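Let's take a quick tour of a protein model, going from a pair of helices to some odd spots in the backbone. Keep the 3D view open as you read.

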Amino acid sequence: MDFPWLWIWLLPVFILGSAVGSFINVVVTRIPTERSLLWPSSHCLSCFRPIRWFHNLPIIGYLWLRGKCGNCHTPYSSRYMWVEVCTGFLFVGLFVAEFLADVRGVGWSKLFLYEMKFGLIPLRGWAVFICLAICFSHLLAASLCDIQSLEIPLPITITGTLFGLALAPFTAWPFPSAPLSVPQIATWEDLLRKSQIPVGIMPWPFWFPVPWELEAGSWQLGLIDGILGMIVGALLCRVVRWVYSFSRGMEGMGVGDSDLMMMAGAFLGWQVVLVGFFLSVVPGILVGTGQILFKGTQSLPFGPSLALGCVISLYSWPWIGPMVKPLFFEPVLMGILGISSILILGASGIAFRFLGGPSNDISSGVAS
Ligand SMILES: [Zn+2]
């Protein structure tokens, strides 16, 4: 890309990310045990003395102290620093993917050529960046809790969902493009054959062409997009859980997984979480195989895979979008596919029950 001045943002964005990572550390340490985020201030877990502000700086604090408490010299985990480093790179990755590489195909350089030539990110750009950064930060915090304790705390997913719903009316599709740039589609066949749907924060509105009296870019459309994303996200894992536990006679997915998808849906819309759900099988299998090989247990966190699936789905939308377009805007086809997936899932659950397939430890005593 020919916007060399944009690179000056990478360091500030990394510092912002590592500061958010520092807060994620506090959230992940305190929320699962129902402690307050604000009180007491950060303290050493060994001598309980408060940590001085310059020792508490992200990454630098850990390196400065060489991983030991500044007061009693008890070593503390380097995990805190790695979360800060990873969040820093997550934010840099988001910035690069969005503005330098335009992976999602928003068309930033067409929309704001003049600003970006001089290394400026337009306000609409920062709005998109902040929305996605809030979404990813919540997904990361939820995933870390899931890895740590196999549970996704409700306060994280509820907060994230409320953020998503609150932001949705202000960033209605096709934001950041102007609503007027939306092509008027005559028929469904037109849409399938040639039409490019402009990409917003949520790549697509819940339906296209936007139905009824709803206008592209209106707060009503944004709110409906957020609510529908939330509902589909919340129901996806629940339906799988119900069908599987009904047919198999044992627990399927955790409730926390549904809450994580509800949160992702409120930010990204129903299409992205639906595709993300299927994509999460790939990281899920990798994580599961690794876990069985190295730890020998089958009880594994699925939250990180779901989060990863949704992010992959969002960024591969320029390729996946056209493929799922014929399916996603045809209610009959969608319905048939949905019902047959449920039937297949139920049938495989029953088959597993009688064949004695793999069981997990949560309920191996219950299943018979
Ligand atoms: Zn100490």
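When two helix axes cross, angles under 35 degrees count as roughly parallel, over 145 as roughly antiparallel, 65 to 115 as roughly perpendicular, and the rest as oblique. Keep that in mind for the helix pair below. This is a predicted model, and the protein in it has 15 helices and zero strands.

**The whole protein**
- Of the 368 residues in the protein, 38% are buried.
- Take the contacts with a separation of 6 or more: residues 24 or more positions apart account for 75% of them.

**Where H11 meets H13**
- Helix H11 covers residues 270–279 and helix H13 covers residues 303–315; their axes come within 7 Å and cross at roughly 120 degrees.
- That angle falls in none of the named ranges, so H11 and H13 are oblique to each other.
- As for handedness, the crossing of H11 and H13 is right-handed.
- Which residues make the contact? On the H11 side you'll find Val 272, Val 273, Val 275, Gly 276, Phe 277 and Leu 279, and they meet Leu 306, Gly 309, Cys 310, Ile 312, Ser 313 and Leu 314 in H13.
- Sort the residues of this contact by type and you get nine nonpolar, three polar and no charged.

**Two cis peptide bonds in one loop**
- Trp 173 and Pro 174 are joined by a cis peptide bond, with omega at about 5 degrees.
- Pro 174 sits in the loop between helix H7 (154–167) and helix H8 (188–193).
- Phe 175 and Pro 176 are also linked by a cis peptide bond, and here omega is about 10 degrees.
- To find Pro 176, look in the loop between H7 and H8.

**Positive phi without glycine**
- Arg 66 isn't a glycine, yet it has a positive phi of about 50 degrees.
- You can spot Arg 66 in the loop between helix H2 (60–65) and helix H3 (79–100).
- Is Arg 66 buried or exposed? Arg 66 has 8 other C-beta atoms within 10 Å, and 12 or fewer counts as exposed, so Arg 66 is exposed.
- Leu 150 is another residue other than glycine with a positive phi, this time near 55 degrees.
- Leu 150 lies in the loop between helix H6 (123–149) and H7.
- With 15 other C-beta atoms within 10 Å, Leu 150 falls between the exposed and buried cut-offs, so Leu 150 is partly exposed.

Technical notes:
Residues numbered from 1 in each chain as written. Predicted model: local features only at pLDDT ≥ 70, side-chain atom pairs only at ≥ 80, totals over all residues. Axes fitted to C-alpha atoms, helices over the stretch in contact; angles between N-to-C directions. Helix = DSSP H or I, 4+ residues; strand = E, 2+ residues; numbered from the N terminus. Left-handed = near helix turned anticlockwise from the far one by under 90°. Contact = placed C-beta atoms within 7 Å. Nonpolar A, V, L, I, M, F, W, Y, C, P; charged D, E, K, R; others polar. Buried ≥ 20, exposed ≤ 12 C-beta atoms within 10 Å, placed from the backbone.
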